[in-house]
Amino acid sequence: MTNQAAKPFPWADQWPEIVDPRVRAAFAAVSRRAFIEEHLARFAEQDAPLPIGEGQTISQPFVVALMVQALHLQPGDKVLEIGAGSGFQTAILCELTATEGGVRGATIYGVERHAGLLARAADVLASLGYAPHLRVGDGAAGWTEAAPFDAIIASAVAPHVPRPLWEQLGEGGRMILPVGQHEDDQQLWLVRKLDGQMRVEKLGGVRFVPLISPLFDDPEQWAEE
Ligand code: SAH
């Protein structure tokens with residue numbers, strides 16, 4: 001089922017960098033309108049971040065597109081999402097991993113630390129026919145019972161790659177996350193696990209809200225290249 005209310009992909013012409021037709025199709029199928037508050041409706045189709053409450057923001061759609069494109073998601077891939085927020089990106093992940101005749105979201109695991117945000121996201125996602133696994137918690141700790149993951153995506157900036165996430169990434173897996181010790185010095189990292197080794201590709205500067213986790217107080221919990 002695609003979202004019948006969705007307007008045609010409003011950003012397509014402005015995104016020459018997004019070449020993967022499956023990513024373009026996913027953005028055409030998911031309208032941002034359902035995930036934001038009524039008074040922000042007129043901004044739904046602007047390619048800009050938007051507030052979602054609790055001091056958090058939905059990422060700029062272009063940045064979400066770049067991140068998911070870098071993960072090369074295939075139908076059936078198991079994906080861990082950290083910072084599900086409004087659920088908009090979760091819906092995109094559900095579209096990209098959907099299998100023929102399968103439940104959309106069956107292989108998506110979303111973690112969010114704000115219970116209120118997650119409750120709203122869960123309602124909206126269900127109303128659109130998506131059924132990802134969602135839970136409130138510290139996403140930096142991952143989701144042990146569901147590991148290993150083919151891909152991991154974090155929508156909040158971490159000072160280091162959290163060790164639990166590295167350990168829960170399967171061989172050949174891809175993880176994308178903003179990394180930086182300062183608010184105005186963040187880089188998007190694409191981390192791959194190849195023969196158990198960490199390969200990092202830095203994809204450029206970004207600006208995200210912080211990933212809040214006690215795990216970063218313990219250097220034992222940082223995974224290094
Ligand atoms: N992908 C979201 C963007 C949300 S902004 C969307 O499409 O709307 C980043 C989110 O990360 C916020 O909702 C914030 O509450 C959440 N967050 C921050 N630290 C976290 C942590 N340790 N675990 C899980 N979620 C976290």
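Which residues are buried in helix 3? In this predicted model, the buried residues of helix 3 are Phe88, Gln89, Thr90, Ala91, Ile92, Leu93, Cys94, Glu95, Leu96 and Thr97. That makes 10 of the 10 residues of the helix, so helix 3 is largely enclosed by the rest of the structure. The list takes in nonpolar side chains such as Ile92 and Leu93, along with Gln89 and Glu95.

Helix 3 also leads naturally to the nonpolar core. In soluble globular proteins, nonpolar side chains tend to be buried together. Here the largest nonpolar core holds 44 residues, and those with the most contacts inside it are Phe27, Phe35, Val68, Ile92, Ile153 and Ile176. At least two core residues come from each of helix 1 (21-29), strand 1 (50-53), helix 2, helix 3, helix 4 (115-127), strand 6 and strand 9 (185-194). Helix 2 provides the largest share, with eight residues. Two of the core residues with the most contacts, Phe27 and Phe35, turn up again in an aromatic cluster that they form with Trp15, Phe62 and Phe88. Phe88 is in turn one of the buried residues of helix 3.

The aromatic side chains deserve a closer look. A pair of aromatic rings is described by the distance of the centres and the angle of the planes. The count for this model comes to six aromatic pairs. One of them joins Tyr109 and Trp143, whose ring centres are 5.1 Å apart with 80 degrees between the planes, an edge-to-face arrangement. This pair links distant parts of the chain, since Tyr109 is in strand 4 (residues 108-112) and Trp143 is in the loop between strand 5 (133-136) and strand 6 (149-154), 34 residues apart. Both partners are shielded: Tyr109 is buried, with a relative accessible area of 13%, and Trp143 counts as buried at 9%.

Tyr109 has another aromatic partner in Phe149. The centres of these two rings are 5.8 Å apart and their planes meet at 70 degrees, so this pair is edge-to-face as well. Because Tyr109 lies in strand 4 and Phe149 in strand 6, the contact ties together parts that are 40 residues apart in sequence. Phe149 is buried too, at 1% relative accessibility.

Charged side chains also meet aromatic rings in this model. Arg135 lies over the face of Trp143, at 4.2 Å from the ring centre, and Trp143 is the ring that pairs with Tyr109. Elsewhere, the charged end of Lys193 sits over the ring of Trp166, 4.6 Å from its centre.

Attention can now turn to the open space in the model. The largest pocket contains about 550 Å³ of space. Its lining comprises 36 residues, and Thr57, Ser59, Ser155, Ala156 and Val209 lie nearest the centre. The elements that give two or more residues to this lining are strand 2 (56-58), helix 2 (61-71), strand 3 (79-82), helix 3 (88-97) and strand 4. Strand 2 gives the most, with three residues. By class, the lining is made up of 18 nonpolar, 13 polar and five charged residues. Helix 2 and helix 3 therefore appear in two settings, as contributors to the pocket lining and as suppliers of the largest nonpolar core.

A few features of the backbone round off the picture. Most residues other than glycine have a negative phi, and most peptide bonds are trans. A cis peptide bond joins Ala147 and Pro148, with omega at about 0 degrees. Pro148 is found in the loop between strand 5 and strand 6, the loop that also holds Trp143. Glu54 is not a glycine, yet has a positive phi of about 60 degrees. This residue is placed in the loop between strand 1 and strand 2 and, at 48% relative accessibility, counts as partly exposed. Asp195, likewise not a glycine, has a positive phi of about 50 degrees. Asp195 lies in the loop between strand 9 and strand 10 (197-206) and counts as exposed, with a relative accessibility of 70%.

Finally, Gln14 belongs to the segment before helix 1. At 53% relative accessibility, Gln14 counts as exposed. The C-alpha atoms of Gln14 and Ala48 are separated by 12 Å, with the two residues 34 apart along the chain.

Technical notes
Residues numbered from 1 in each chain as written. Heavy atoms only, no water. Phe/Tyr/Trp six-rings, centres within 6.5 Å; stacked < 30°, edge-to-face > 60°. Helix = DSSP H or I, 4+ residues; strand = E, 2+ residues; numbered from the N terminus. Buried < 20%, exposed > 50% of the residue type's maximum accessible area, 1.4 Å probe, protein only. Lys NZ or Arg CZ within 6 Å of the ring centre and 35° of its normal. 1 Å grid on protein atoms, 1.4 Å probe; cavity = no way out; pocket = protein on both sides within 12 Å on 5 of 7 lines; lining within 4 Å. Points joined across faces, edges and corners; volume = space filled by probe spheres on them. Core = buried A, V, L, I, M, F, W, Y, C linked by side-chain atoms within 4.5 Å.
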